[in-house]
Amino acid sequence: MAAGAAAALAFLSQESRVRAGGVGGLRVPAPVTMDSFFFGCELSGHTRSFTFKVEEEDESEHVLALTMLCLTEGAKDECNVVEVVARNHDHQEIAVPVANLKLSCQPMLSLDDFQLQPPVTFRLKSGSGPVRITGRHQIVTISNDVSEEEESEEGSEEEEAELCPILPAKKQRGRP
């Protein structure tokens, strides 16, 4: 990264797009769209914090799944403590240290898709970094739009059910 360039990055690149309708004959009440984007930021002596947030008017469900924290080129052999500031189940803001990285003994830490809901702030509490934080920004959107085709399919299935009544089993004679 060139000197003087912004240290915090949010590199978002569309990773996947999945459209789910019904699975195994089961009908989902509304179509669900799931998008997943790469996420990354860097904390250093120049940029000690980075906040990941989404628009408040957005009705989608957003999740930030952290995968790894690691020291990058230029890091000193010192303790680099990374803290996450987010909201708990009572919607109160809490600050929790999630990593203590040192070049000589633990230069990286896998967080195995540690999931947080935005807004989330990452802070370099001690050390000079640079520390790279990577993960995925996942967006789940539930669409309330029902197309005419889906409505007509539901109607025809109901008609078929009415046309084919369940008949009682026939008794077989001659069997003991």
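**Entry 1: aromatic rings**

I searched the whole structure, which is a predicted model, for aromatic pairs and found 3 of them. I took phenylalanine 39 and phenylalanine 50 to begin with: their ring centres lie 6.0 Å apart and their planes stand at 45°, so I noted the pair as tilted, the class for angles that are neither under 30 degrees nor over 60. This pair links distant parts of the chain, since phenylalanine 39 sits in strand β2 (residues 26-43) and phenylalanine 50 in strand β3 (residues 49-52), 11 residues apart. I then looked up accessibility for these two residues and found that phenylalanine 39 and phenylalanine 50 are both buried.

I went on to phenylalanine 52, which forms an aromatic pair with phenylalanine 39 at 5.4 Å centre to centre, and with 75° between the planes I recorded this pair as edge-to-face. Here too the pair links distant parts of the chain, with phenylalanine 39 in strand β2 and phenylalanine 52 in strand β3, 13 residues apart. Phenylalanine 52 is buried, as is phenylalanine 39. When I followed the ring pairs through, they joined Phe39, Phe50, Phe52 and Phe122 into a cluster.

**Entry 2: leucine 101**

I next asked myself whether leucine 101 is buried or exposed. Its relative accessibility is 0%, and because buried means under 20%, leucine 101 counts as buried. I placed leucine 101 in strand β6, which covers residues 93-101.

Which residues does leucine 101 touch, once those up to four places away in sequence are not counted? My list holds Leu69, Cys70, Leu71, Glu78, Cys79, Asn80, Gln106, Pro107, Met108, Leu109 and Val131. For leucine 69, one of these contacts, I also noted the separation from leucine 101, which is 32 residues in sequence and 8.5 Å in space, taken from C-alpha to C-alpha.

**Entry 3: the largest pocket**

I finished with the largest pocket, which holds about 480 Å³ of space. Its lining consists of 18 residues, and those that lie nearest the centre of the pocket are Val54, Arg87, Gln117, Pro118 and Pro119. When I sorted the lining by class, I obtained 5 nonpolar, 6 polar and 7 charged residues. I also checked which strands contribute to the lining, and noted that β4 (61-71) and β5 (80-87) each supply at least two residues.

How values were computed:
Residues numbered from 1 in each chain as written. Predicted model: local features only at pLDDT ≥ 70, side-chain atom pairs only at ≥ 80, totals over all residues. Heavy atoms only, no water. 1 Å grid on protein atoms, 1.4 Å probe; cavity = no way out; pocket = protein on both sides within 12 Å on 5 of 7 lines; lining within 4 Å. Points joined across faces, edges and corners; volume = space filled by probe spheres on them. Helix = DSSP H or I, 4+ residues; strand = E, 2+ residues; numbered from the N terminus. Nonpolar A, V, L, I, M, F, W, Y, C, P; charged D, E, K, R; others polar. Buried < 20%, exposed > 50% of the residue type's maximum accessible area, 1.4 Å probe, protein only. Contact = heavy atoms within 4.5 Å. Phe/Tyr/Trp six-rings, centres within 6.5 Å; stacked < 30°, edge-to-face > 60°.
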